[in-house]
Amino acid sequence: MKYAKKIISIFLVCIFIIPTALILKSQGATQYIQPINIKGFNEVGTLPSNYHVEFTVYIPLKNIDLLYYYVNQISNPSSPLYQHFLTQAQVEKLFYPTDQFNEILSYLKSSGFNIVYTAADSVIVATGTVKQVENYLGVQYVMMNNGSVSYYTIYGTPKVDNIYIYSSNVTKLIFGHPSTLISEGSLRSFRSLPNTTAPIEAYWPTALQKVYNLTSLYSKGYEGQNFTIGILDFAGNPYIQQQLAYYDSIVKLPNPPNFTIVPIGPYNPGLGIATGWDSEISLDVESAHTMAPRANMVLYIANLNLPLSAVIAYIDQQHKVNIISQSFSISESSLSSYPAPIYYTNIALTDVYYALGSVEGITFIASSGDVGGSGYSNGPLGTPGYPSTSPYVLSAGGTTTYIQFPNGSFYQTAWSNYGFVPNGVNYGGGTGGVSIVEPKPWYQWGITSPKTYPNGRLGPDVSANANVYPGIYIIGGFNQTLITGGTSEASPLLAGMLVAVMSYVNHSLGLINPLLYQIGENPQLYSKIFYPITFGYNIPWTSSYGYNLATGWGALNAGEFAQYLKSHRSELKSSLSIMVELLGPQGSQSTFMPGETMTVVANITINRTVVSSGSFNAVLEDLYGNVTNIPLTYNSSLGLWTGQFTLPSTANGILSVVVYGSSQGTSGYGFTETFSGYYVTFLSPVTMTPFYSGINPVQAVVTDINGNPAPTNFTVEASVYSYNITDNAYTFLTNITLVYNNKASEWVGILPANLTVGDDLIYVNNAYGIVAFSNGIYLQSLFIRPQVIAEPGAVAGGQSIIIQGTPLTNIPDPNIAQGITIKAELVNQQGEVVSQGLVTYSPLGQYYGYIPVPENLNAGLYTILLFASYNSSTLGQVFTGFYYGQIYVVPKYSVPQINIEKYVYQGQTVYVYANITYPNGTPVKYGMYSATVYPMTFSSSYSNISANVNIPLFYNPSIQLWEGNFTIPSASSLGNLSYFKGLTYFTGPFQILISGVSADGVPISSRT
């Protein structure tokens, strides 16, 4: 029997026994490697033979099924193995392919390569010349260029068997700039519009210590000491240690006991200044340190050219940190145009190393994203980003935290959108949604997925402060005080919080997602350990009590969470221990193909005793749920439960194989994962790029997960869906078949010319491939925003919704740029159109228009629908387009009453007091408001001044007024009013304009 030898070792795995050896998964001979070819890039030649390149060699970890068993058991609060983290020695013995690793390492060294680093006895990062690589590894190099950016990549069949070689600097396109960071400077051009105001303010992150109840831990002496925060960033910041010391001197915090910078790969910190990573690093380090001031810190700086899996493997083996914060995101929509090797080395393999770190006790956190629920894709699907969608990572969403000073009272909402912002622009609210890469993990089985959506990983899990309205202050380059935010802030805040908790309970936490979901689903614990977030929206998701796709479970009450962990003892329930292993036709294998036979082998025990009776099934699940289900039978000669699947054509992508059942009234489950099927890279359509079904074909490349081409007789069968914002659902439209085109060397198909315009989605049924696209005139390039440019985006009766930007199109008509007609509709929650407007081409070179908001509408979230039309006389055809947004509408706005000295002098400090009330007269106690001060002679420029100079106002409960102050400019100092630079005349009448919005979405009517 093919799996008999494997069986013996599996049998040894019972709940408290660590096996001494299991068979390495067989990989077979190393296959041909295709070059990484991204849409828009073309081959432009080879590299010089003496050019130095970097490459990564992967040797597959052993016993992957056992790894998934442990990551489940160690993170399950009901398991006897709960938080019994494996030692470094145990991890090495169980999972490291040390013998094969040593052979490969010796070969590389003897061939003259420079070994940069090794990790987990399964990753070798090395450098050498092109000639060395070609001679000793057998692969060739080619350069790719799109006219402005170039990268190198390899192709060919490696000379060394059973390894995977990755050599490309293409990841610089993914990690080249921070993806979840917002700065005040990046908002300025966006905020300068006629007839608008742009309030902004900030506070120091120390104000958040009370918000998350960390002060209750500090008062007992627990501030993160004896534990270590890890932060993963790229490129570098040459001044971060000095910046942190200066930050600590301002906010009166102690320096961390130890702050170490650990480069991963070649290191040039000056690159951080050129790429913007220096500001990201400042935010990450200062935010995390503020939450756990006495924790040690390790800042990992990864080289931009490394695949993410090689980076995480290094951190695992270092075993230096208790937690890792990751403030970056690879949008899942972008994977549709990336070839399989990028997916394999940055997603599939990285999951394995996240799981490996989790069983060691490392907690991984990642930012969910900054564009709301739709901004990284065409529609909600594809917007969530990796690594926050990994099942072994805690996904950190965004909140808005309003704080009263000086008493520190606070109120939290979801970080909401303006109305909508263009694709990929990082100030659209906290990102949440449903993954199209990762199936729903075991700890989310109790959460219902939205109808018509995949059965994917849901996110975020929890949220923390992220909005820049208000933002936080950090110390950046040249010791400047900067206003910043984004879920780039939320991730390190959570990392610091959890390390403070660790210092209180005196142990690591590892993968805490299952525990947090268990708490969230407990009505007695939920509102005690979490702050439920009940107001806010990120398009199309809204916050609510309990789990939601805007904020997850809400914000964490770290003090209560720590108390719970220390006082609560896990209730060990009598449950079955189930370890699942998968075998193919030739024994163990790492991937499968539809049509193959998959044998499921389950070792089921209770209290170390083999279970030989009961009822057990194996279910095969992919992104769209249950693919097939089979019963298992007990094999008495082997002491194991077995069954077989013939994988159907629909079993593609990451598959979860779950064994569940019961014996004599005791139940349990176990799972493992694998990848099945071919991988489809779409060349057309491309997400966030204009596409018209009547003009453009569908083009794709099909390979296996390693990048080896699929047979040319393989046909791609796909379904097309359309997204509708009004019911937040995907509707089936048609099917499409792609066949191989010998001339183009790609798979090609044609969509109907009359395909529904707007956000559509192609889902491949017999391989793994999903692409979101906007069909027709492209309108996601437009901004939709209120007159008070702040978040939450909110308008009141009598105000207007502003729509501005430039539609995009690839329609071959020279007159289309200025000839599009755009009709805008405001739709209430009952689907009724309550107002309309036109968006037309303006002399400023953009389209501009507005929708007037009727008075006395019912408060709530309203939808904006945009319909574009262009009648082309050149082509004799009418072209259309569609897009949408959402905005919060209230019946009336607030009108502030301002109290200020009437006569002041140059250089004098002036105090502003504002009585801000709701329309019914109730005081507004939480919100974000600022004052803009300007001479009456500058009245026509108040919008530009508001976008650049704001006097923050904070609510003072002792006087029940909003207060702030500024200094009138003089010849010796401009005070707060920096727009006077270059002028010498500072006298005359001044005006004060108050602008802002309440925490629950009631805007102000600008008042001077």
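**Two buried residues and a helix pair**

L826 counts as buried, its relative accessibility being 0%, and in this predicted model the residue is placed in strand β46, which covers residues 821–827. When neighbours within four places in sequence are set aside, the contacts of L826 comprise I801, E832, V833, V834, S835, I851, Y862, T863 and I864. A further relation across the sequence is found with L865, which stands 39 residues from L826 along the chain, while the C-alpha atoms of the two residues are 6.6 Å apart.

A second buried position is S491, for which the relative accessible area is likewise 0%; because buried means under 20% relative accessible area, S491 falls in that class. This serine belongs to helix α15, formed by residues 487–505, and, with neighbours within four places in sequence again left aside, S491 touches S325, Q326, S327, I365, A366, S367 and A396.

Turning to the helix pair, α13 (residues 308–318) packs with α14 (residues 340–360) at an angle of about 10 degrees, the axes lying 8 Å apart. The two helices are therefore roughly parallel, since angles under 35 degrees are counted in this way. On the side of α13, the contact is made by L308, S309, I312, A313 and D316, which meet T345, N346, L349, T350, Y353, Y354, L356, G357 and E360 of α14. Sorted by class, the residues in the contact of α13 with α14 are seven nonpolar, five polar and two charged.

Technical notes: Residues are numbered from 1 along each chain as its sequence is written. This is a predicted model: local features need pLDDT of at least 70, side-chain atom pairs count only at pLDDT 80 or more; totals for chains, interfaces and linings use all residues. Side-chain values use heavy atoms; hydrogens and water are left out. Helices (H or I, at least four residues) and strands (E, at least two) are DSSP runs, numbered from the N terminus. Buried means under 20% relative accessible area, exposed over 50%, partly exposed in between (1.4 Å probe, protein chains only). Contact means heavy atoms within 4.5 Å. Axes are lines fitted to C-alpha atoms, for helices over the stretch in contact, and angles run from 0 to 180 degrees between N-to-C directions. Angles under 35 degrees count as roughly parallel, over 145 as roughly antiparallel, 65 to 115 as roughly perpendicular and the rest as oblique. Ala, Val, Leu, Ile, Met, Phe, Trp, Tyr, Cys and Pro count as nonpolar, Asp, Glu, Lys and Arg as charged, and the others, Gly among them, as polar.
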